[in-house]
Amino acid sequence: MSVVQEKAAPAAVAPPATAPPRPKRRRKGSTYLVGGILVLVCWAMLSPVLWTAMTVTKPTDVAFLDPPVFFYEPTLTAFVDLWQTTLFYQYLINTLIVALLSTVAALVIGLPAAYALSRFPGWISAVLLIAALVFRALPRFSVVLPMYDISRSLGIYDTTFAVAAALVAINQPFSIWLLRNFFAEIPKELDEAAMIDGCSRFGILRRVMIPLMGPGILTAGIFIFLFAFQEYLTANILTDVSARTVPVFIATQLGQTLPMLQQAGAAAMLLTLPVVAFAFIAQRYLVAGLNAGSVKG
Amino acid sequence: MRRREFLALVTPSVLVMGGLLVLPLHRTLEWSLERVNYGEAGTFVGLANYGAALSDPRLGQAVLFTVGLTLAVTAALIVGGYLLAVMVNGLGRSKPWVLGILLISYVIPHVVGGAMFSWLFDANFGGVVNHLVTLVTGQDVLWFTDPWPNRVIVALNTIWFMLPFAMLVIIAGLQGVPGELLEAARIDGASAVRTHWSVIIPSIRGVLGFVAIISIMDILRTFDQLVALSPQAVQLGNESIMLYIFNVAFQDGGQQLGLGSAVNVLLILLIVLMLFPFIRGIAKEARQA
């Protein structure tokens, strides 16, 4: 709370001395009110995660009692069972492979395209950008159902490769827009200076742009990774057993018997905790990405 | 940049999008004109699938549900996102922490968030919120078998994971409001509410419009959370358009792939229509830049 006042104090000094002490006191009261509301909002936003964390650390016989139990002897049985009785380990590896593969591929393919689109005005760029905008908004099934058919006839159905390839294509439009907006903020004079020094376009991209784009590339990478990590629909349609990802696994466990449900909860926690840590560490980049994404709004 | 260089840089991306998006889209368009099963060649039936889609009351209900959800959630996102953005934007050193906490619901997979919500509400799973609601109102609410309570939790869940996005984009907008404008309003003696309503909101209209269009496009595609939150969606009339497509084209034995594809095509047309103002803006800008 004290932090809030620090920020408020200089603002109270800035305006000319029209209103002496009274508004200051009111500001203090409203600061507490805002702080209180924010604490409540944060708590409400966290409650599904907190309740799941409690449910999966309860012994199975009290986990799903109604009225709910709040005091219990915590246990990790659900996690042990999850690890021993299901292929969770395999699903987790699949999820990571898909997310990493699709992130790297999307960046390698998207970076040059985004750079070109930020530097080459004209109708080709306009058409490509509009296509990307429309592709971003497509109903997913209109590309994923045919992909199911195609991947079966190519014999790559139920492989992590097929899911990763699908996600590269699906996330490509978003990453191109995001990276293009980051590139657009780098002055064109830098390109010209490098060209005078005898650099080719590829040289500029490699030697000048990519080092400058560090935070932008990181931001785009975080978003593509996150989208791939979250993806349920595509993975559900393109996988069966061997390439199944964690969100698909969790969805198949719903509507099962209680111990399995508790295992699904444990899986949800194991998937959530790293992403939550990730959100905290990468918070700056997520904010930057959403801001850059909205520049064109 | 020379044309040849441009093409060299853009080609890999165009090939990927062409092969993995345009080709499947072409297939969807073909299927929408055929009667077809997976793995078999279809028979051409003209516009019959479109006729069947438009006269199917189940699709009508799905459209009604999806549009209702979209309107309610988008309104809540704009209002809630704005209030939250104003509050969070005023924070000092605690801001990164608050943002970190608020971003958690954004990064959790939607199907998993939906499952977490179901455990929070379902009496069968020791739902703590359900327990509180029963204590306060004295009524047992059937969150999963009664249409309206089910709609409420689907809407709450959708707001839950989309609110961080709305808030962050609006915060970016707020930071772009010129300080002189706010100072002028203060000198003129405008109240806080008045300042927001007549100064800040008009100057971030574009940002609010952006939040609205992205929210509308994303909520029209509602699918993941229903899998977890509404196992009886079809019976309750809480089937979204995407879930309808999934059910008729994939789940029920893949018998009606043509019908599902026709709905897909109709949805694409609707989305392109909604995006038209943005498309015109990009075309104008890209030609000049």
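# A walk through chains A and B

Start by selecting E5(B) and R201(A): the two form a salt bridge, with their closest N and O atoms 3.8 Å apart. Keep in mind throughout that you are looking at a predicted model.

**Stop 1: the network around that pair**

Leave E5(B) and R201(A) on screen and add R119(A), D191(A) and R2(B). These five residues are linked in a network of salt bridges. Now zoom in on D191(A) and R119(A), whose side chains meet in a salt bridge with an N to O distance of 3.0 Å. Colour by helix and you will see that this pair links distant parts of the chain: D191(A) sits in helix 9 (residues 188-196) of chain A, while R119(A) belongs to helix 5 (residues 88-119), 72 residues apart. Are D191(A) and R119(A) buried or exposed? Both of them are buried.

**Stop 2: a bridge between loops**

Next, select E231(A) and R140(A). Their side chains also meet in a salt bridge, at 2.8 Å from N to O. Follow the backbone on either side: E231(A) is in the loop between helix 11 (214-230) and helix 12 (233-238) of chain A, and R140(A) is in the loop between helix 6 (123-137) and helix 7 of chain A, so the pair ties together parts that are 91 residues apart in sequence. E231(A) has a relative accessibility of 12% and counts as buried, because the cut-off for buried is under 20%.

**Stop 3: across to chain B**

Pick D149(A) and R27(B). Here a salt bridge has its closest N and O atoms 3.0 Å apart. D149(A) is part of helix 7 of chain A and R27(B) is part of helix 1 (residues 3-31) of chain B, so this pair joins two chains. How do the two partners compare in accessibility? D149(A) is buried, at 14% relative accessible area, whereas R27(B) is partly exposed at 27%.

How many salt bridges are there between chain A and chain B? The count is three. A search of the whole structure, over all chains, gives nine.

**Stop 4: the whole interface**

Zoom out and show both chains as surfaces. The contact draws on 104 residues of chain A and 97 residues of chain B. About 9200 Å² is buried between the two chains, with carbon and sulfur atoms giving 79% of that area. To see who contributes on the chain A side, select M45(A), F141(A) and L290(A): they supply 7% of the area that chain A buries against chain B, more than any other three residues. If you switch on polar contacts, twelve residue pairs are found across the interface of chain A and chain B.

**Stop 5: chain A as a whole**

Hide chain B and switch to cartoon. Chain A has 15 helices and zero strands. Of its 297 residues, 57% count as buried. Among contacts in chain A between residues at least 6 apart in sequence, 76% join residues at least 24 apart.

**Stop 6: the annotated spans**

An unreviewed UniProt entry annotates "transmembrane region" in chain A at residues 32-51, 91-113, 120-139, 159-179, 208-229 and 264-287. Try selecting residues 32-51 of chain A: the span is 100% helix, and its end C-alpha atoms lie 27 Å apart. Residues 159-179 of chain A are 95% helix and 0% strand, with 29 Å between the end C-alpha atoms.

Bring chain B back for its own set. The same kind of annotation, again from an unreviewed UniProt entry, covers residues 7-26, 62-85, 97-121, 152-174, 195-217 and 257-279 of chain B. Residues 7-26 of chain B are 100% helix and have end C-alpha atoms 24 Å apart. For residues 62-85 of chain B, also 100% helix, that distance is 33 Å.

**Stop 7: an unusual backbone angle**

Select D158(A), found in the loop between helix 7 (141-154) and helix 8 (160-184) of chain A. Most residues other than glycine have a negative phi. D158(A) is not a glycine, yet its phi is positive, at about 65°. With 13% relative accessibility, D158(A) counts as buried.

**Last stop: the cysteines**

Finish by selecting C42(A) and C199(A). C42(A) is buried at 10% relative accessibility, and C199(A) is buried as well, at 18%. How many disulfides does the structure hold over all chains? The number is zero.

Conventions. Residues numbered from 1 in each chain as written. Chains lettered and ligands numbered in written order. Predicted model: local features only at pLDDT ≥ 70, side-chain atom pairs only at ≥ 80, totals over all residues. Heavy atoms only, no water. Disulfide = S-S within 2.5 Å. Buried < 20%, exposed > 50% of the residue type's maximum accessible area, 1.4 Å probe, protein only. UniProt positions renumbered as here; feature names shortened; annotations may be inferred. Helix = DSSP H or I, 4+ residues; strand = E, 2+ residues; numbered from the N terminus. Contact = heavy atoms within 4.5 Å. Buried area = accessible area lost by both parts, 1.4 Å probe. Salt bridge = Lys/Arg side-chain N within 4 Å of Asp/Glu carboxyl O. Polar contact = N/O pair within 3.5 Å; in protein donor to acceptor, adjacent residues only side chain to side chain.
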